[in-house]
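Colleague: Got a minute to walk me through this one? I'd like to start with the overall fold and then poke at a few spots.

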Amino acid sequence: GTYIHKCIETYIKENLSDNILFNQGKLKLISDSLAPNYFSDLENSIDPLLWKNLINNFCDLINNDLLEGISVSAEKSRQINFKDNIKLTGRVDILIKSENSNKIIDIKTTSQKPTIKSVISGDEPQLSVYSMLYPEVDELKYYFINLHKQEISEKSYSKDDLKNATEKNKNLIEVISNKFINNDKFEATDDIRACEKCYVKN
């Protein structure tokens, strides 16, 4: 997944100054040049080949999103002061700006897709957090890249679709903020999945 993200990020940073649309040949060359940095046994690694097989489909998909765009950026970070004691930070894979609308694209390379229900309810908060960080964005979407099934798909959400999830995020941040203000203890969770990506380790 990191390899694919880096290929796309590098292409955007190096090749979109004159033409906003993706060129399949250039993306393949970049992918070839970056592969040795991510695969120690390149001759026996199948993922770079599988990615190259999907590059034409990927370019068709993203160029459709770029048709009305006037600028595109990769790995765009933003931080806002949500509360006096809380900073909300995020980094989006792709940000496309156009005259009438803006969109964020998040690239997923895992086989597990977040369900529509989990996204709009806020149980999967990534896009709704992006919506809070980038209020000028109208559309937020996932690209799902499955190398081994050789499939690329997409799922789009509007800002209104994420309204309830955004409110859930705000309420949770309010709870966290109040705990810091009141020096309250945070209760441990029995769900180990909630701790897997937490940077706080005992």
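Modeller: Sure. One term to begin with: a contact means heavy atoms within 4.5 Å. Also keep in mind that this is a predicted model.

Colleague: OK, so what share of the contacts with a separation of 6 or more comes from residues 24 or more positions apart?

Modeller: That share is 65% for this protein.

Colleague: And what are the helix and strand counts?

Modeller: There are 6 helices and 5 strands. Going along the sequence, the order is α-α-α-β-β-β-α-α-β-β-α.

Colleague: What box do the C-alpha atoms fill, and what percentage of the residues is buried?

Modeller: Along the principal axes the box is roughly 55 × 45 × 30 Å. Of the 202 residues, 39% are buried.

Colleague: Let's go to α1. How many of its residues are buried?

Modeller: 10 of the 14, so α1 is mostly covered. The buried ones are Tyr3, Ile4, His5, Cys7, Ile8, Glu9, Thr10, Tyr11, Ile12 and Asn15.

Colleague: What covers them?

Modeller: The cover includes α2, α3, β1, β2, β3 and β4.

Colleague: And how far does α1 reach, end to end?

Modeller: From first C-alpha to last, α1 spans 20 Å, close to the 20 Å expected at 1.5 Å a residue.

Colleague: You mentioned Cys7. How far is its C-alpha from that of Ser33?

Modeller: They're 9.1 Å apart, with the two positions 26 residues apart along the chain. Ser33 sits in helix α2, which runs over residues 24-38. At 48% relative accessible area, Ser33 is partly exposed.

Colleague: Switching to empty space. How many cavities of 30 Å³ or more turn up?

Modeller: A search of the whole structure gives 1. About 40 Å³ of space lies in the largest cavity.

Colleague: Which residues line that largest cavity?

Modeller: His5, Ile8, Glu9, Ile12, Ala74, Glu75, Asp93, Ile94 and Ile107. The elements giving two or more residues to that lining are α1, β1 and β2. α1 gives the most, with 4 residues.

Colleague: What's the lining like by class?

Modeller: It has 5 nonpolar, 1 polar and 3 charged residues.

Colleague: Glu75 is on that list. Where does it sit, and what's its phi?

Modeller: Glu75 is in strand β1. Its phi is near 50°, which is positive in a residue other than glycine.

Colleague: Where does Gln150 sit, then, and what is its phi?

Modeller: Gln150 is in the loop between β4 and β5. Its phi is near 55°, again a positive value in a residue other than glycine. Gln150 is partly exposed, with 30% relative accessible area.

Colleague: Now the last helix. What are the residue count and reach of α6?

Modeller: Helix α6 covers residues 163-182, so it has 20 residues, and it reaches 29 Å between its end C-alphas, close to the 28 Å expected at 1.5 Å a residue. Its buried residues are Ala165, Thr166, Asn169, Ile173, Ser177 and Lys179.

Colleague: Why do you say those line one face?

Modeller: Because, looking down the axis of α6, the buried residues fall within an arc of 155°.

Colleague: Which exposed residues are on the face turned away from the buried side?

Modeller: Lys163, Asn164, Asn171 and Ile181.

Colleague: And what covers the buried ones?

Modeller: The cover of α6 includes β1, β2, α4 and α5.

Colleague: What comes right after α6?

Modeller: Asn183 follows α6, with a positive phi near 55°.

Colleague: Last stop is Phe82. Which strand is it in, and which residues does it touch?

Modeller: Phe82 belongs to β1. Leaving out residues up to four places away in sequence, Phe82 touches Met132, Lys170 and Ile173. Ile173 is also one of the buried residues of α6.

Colleague: Why does Phe82 count as partly exposed rather than buried?

Modeller: Because its relative accessibility is 23%, and buried means under 20%.

Colleague: And how far is the Phe82 C-alpha from that of Lys108?

Modeller: 27 Å, for two residues that are 26 apart along the chain.

Conventions:
Residues numbered from 1 in each chain as written. Predicted model: local features only at pLDDT ≥ 70, side-chain atom pairs only at ≥ 80, totals over all residues. Heavy atoms only, no water. 1 Å grid on protein atoms, 1.4 Å probe; cavity = no way out; pocket = protein on both sides within 12 Å on 5 of 7 lines; lining within 4 Å. Points joined across faces, edges and corners; volume = space filled by probe spheres on them. Nonpolar A, V, L, I, M, F, W, Y, C, P; charged D, E, K, R; others polar. Expected span 1.5 Å × (residues − 1). Buried < 20%, exposed > 50% of the residue type's maximum accessible area, 1.4 Å probe, protein only. Arc of directions from axis to C-beta.
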